[in-house]
Structure formats: structure tokens, C-alpha cells
Amino acid sequence: MLTPVTDADGAPFWEYAAQGELRVQACADCGEPRFPPRPCCPHCQSFAVEWRRVSGRGRVWSYVVPHPPLLPGYAEQAPYNVIVVELADAPRIRLVGNLVTRAGAPLGSLDPDRVRIGARVRVVFSGGLPQWVLA
């Protein structure tokens, strides 16, 4: 399993995920949510930051089933999906993850033929990593 590489701007995202919460960075001045996390708001150039809890619901915006797997360590889990999720309560925020059958299930646990653009999903957590299941 890959582990996230964190920096000062993104570390809170992973800290909240380890607690089973999905939060996104937002500007504390203009309120605009942003992802990936960064020090300055691209809309108003403020450095004021807050982390907002989001519902964890969204839809599959895009996906791929890599053949062969992109990383050799994932070969035994193939075929597996990599999805881009558009968050329901922050539609300009899109997160990358995997669609699985349940929290903690292997990457290849969901038949790739069941993945559809537009499918409703919700977040689950496994080992501090967000994953997605069909809603």
C-alpha cells in the first residue's frame, strides 16, 4: 500500500483522514474551498486557512483501470480502478482514490465493469486513507 507524502499545507488533510473525517482546505477570508491544499487562496490571495468537514458524498467524475498496473507492487491486485470523485458539497473539488466494495477491501474488490462515470459514491476510510464505495 502506498503511503501519502505530506507537506505542511496538506498534512491536516491526512490527519483528519486518520480520524475518519474528510475535510478540505478553504479560504478563511473569502470561503472558497481548494484542493490540493496550498498556502494562498487563488481567488483572493489570502493566506488565511480553515479546514471544512465535507459530507464525503460525490460522484465518479472520471476513472481508469490501468493495464498493466502502473506500479509493480500492485500487479497482484489488478485489475483495479482509480477514480476521480467530484464532491457533492464542493463540486470544483475532485479527489483521486479507489472504488472498493467496503472499507479496507483490496483495490481489485469491485468488478471494473461496475464503475461508471456519474455513479454516486461515499467515502470510507481504511488505515487513514480515503476510499470510495457505491452509495
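The following exchange examines how the terms used for this predicted model rest on computed values.

Reader: What are the ground rules for numbering and for confidence?
Author: In this predicted model, local features need pLDDT of at least 70, side-chain atom pairs count only at pLDDT 80 or more, and totals for chains, interfaces and linings use all residues. Residues are numbered from 1 along each chain as its sequence is written, and side-chain values use heavy atoms, with hydrogens and water left out.

Reader: How many helices and strands does the chain have, and in what order do the elements run?
Author: The chain contains one helix and eight strands, where helices (H or I, at least four residues) and strands (E, at least two) are DSSP runs, numbered from the N terminus. Starting at the N terminus, the order is α-β-β-β-β-β-β-β-β.

Reader: Why is the chain called as compact as a globular protein of its length?
Author: Its radius of gyration, taken over C-alpha atoms, is 15 Å, close to the 14 Å from the globule rule (2.2 Å times the number of residues to the power 0.38) for 135 residues, so the chain is as compact as a globular protein of that length. Along the principal axes, the C-alpha atoms fill a box of roughly 45 × 30 × 25 Å.

Reader: What share of the chain counts as buried, and what share of its contacts joins residues 24 or more positions apart?
Author: Of the 135 residues, 39% count as buried, a term for under 20% relative accessible area, with exposed meaning over 50% and partly exposed in between (1.4 Å probe, protein chains only). Contact means heavy atoms within 4.5 Å; among contacts with a separation of 6 or more, 52% come from residues 24 or more positions apart.

Reader: What makes the pair of Tyr16 and Trp51 tilted?
Author: Rings of Phe, Tyr and Trp (its six-membered ring) pair if their centres lie within 6.5 Å; planes under 30 degrees apart count as stacked, over 60 as edge-to-face and the rest as tilted. The search of the whole structure finds four aromatic pairs. For Tyr16 and Trp51 the ring centres are 6.5 Å apart and the planes stand at 45°, so this pair is tilted. The two residues are 35 residues apart and link distant parts of the chain, with Tyr16 in helix 1 (residues 11–18) and Trp51 in strand 3 (residues 49–53).

Reader: Are Tyr16 and Trp51 buried or exposed?
Author: Tyr16 has 23% relative accessibility and therefore counts as partly exposed. Trp51, with a relative accessible area of 15%, is buried.

Reader: How do you know that Tyr74 and Tyr80 form a tilted pair?
Author: Their ring centres are 5.9 Å apart and their planes lie at 50°, so the pair is tilted. Both Tyr74 and Tyr80 are buried. Elsewhere, ring pairs link Phe13, Trp14 and Phe35 into a cluster.

Reader: Which residues of helix 1 are buried, and against what do they pack?
Author: Ala11, Pro12, Phe13 and Ala17 are the buried residues of helix 1. They pack against strand 1 (23–27), strand 3, strand 7 (120–126) and strand 8 (129–134).

Reader: Where does Gly20 lie, and why is Gly20 called partly exposed?
Author: Gly20 is placed in the loop between helix 1 and strand 1, and its phi is positive, near 80°. Its relative accessibility is 34%, so Gly20 counts as partly exposed. Leaving aside neighbours within four places in sequence, Gly20 is in contact with Arg53 and Phe125. Gly20 and Pro130 are 110 residues apart in sequence, yet their C-alpha atoms are 8.2 Å apart in space.

Reader: What makes the backbone at Gln45, Pro36 and Pro79 worth listing?
Author: Most residues other than glycine have a negative phi, and most peptide bonds are trans. Gln45 has a positive phi near 65°, whereas cis peptide bonds join Phe35 to Pro36, with omega about 5°, and Ala78 to Pro79, with omega about -5°. Pro36 is in the loop between strand 2 (33–34) and strand 3, and Pro79 is in the loop between strand 4 (57–64) and strand 5 (82–87).

Reader: Why is Gln45 called partly exposed and Ser46 buried?
Author: Gln45 has a relative accessible area of 49% and is therefore partly exposed. Ser46, at 10%, is buried. Gln45 lies in the loop between strand 2 and strand 3, as Ser46 does. Beyond its neighbours within four places in sequence, Ser46 is in contact with Cys27, Asp29, Pro39, Cys40 and Cys41.
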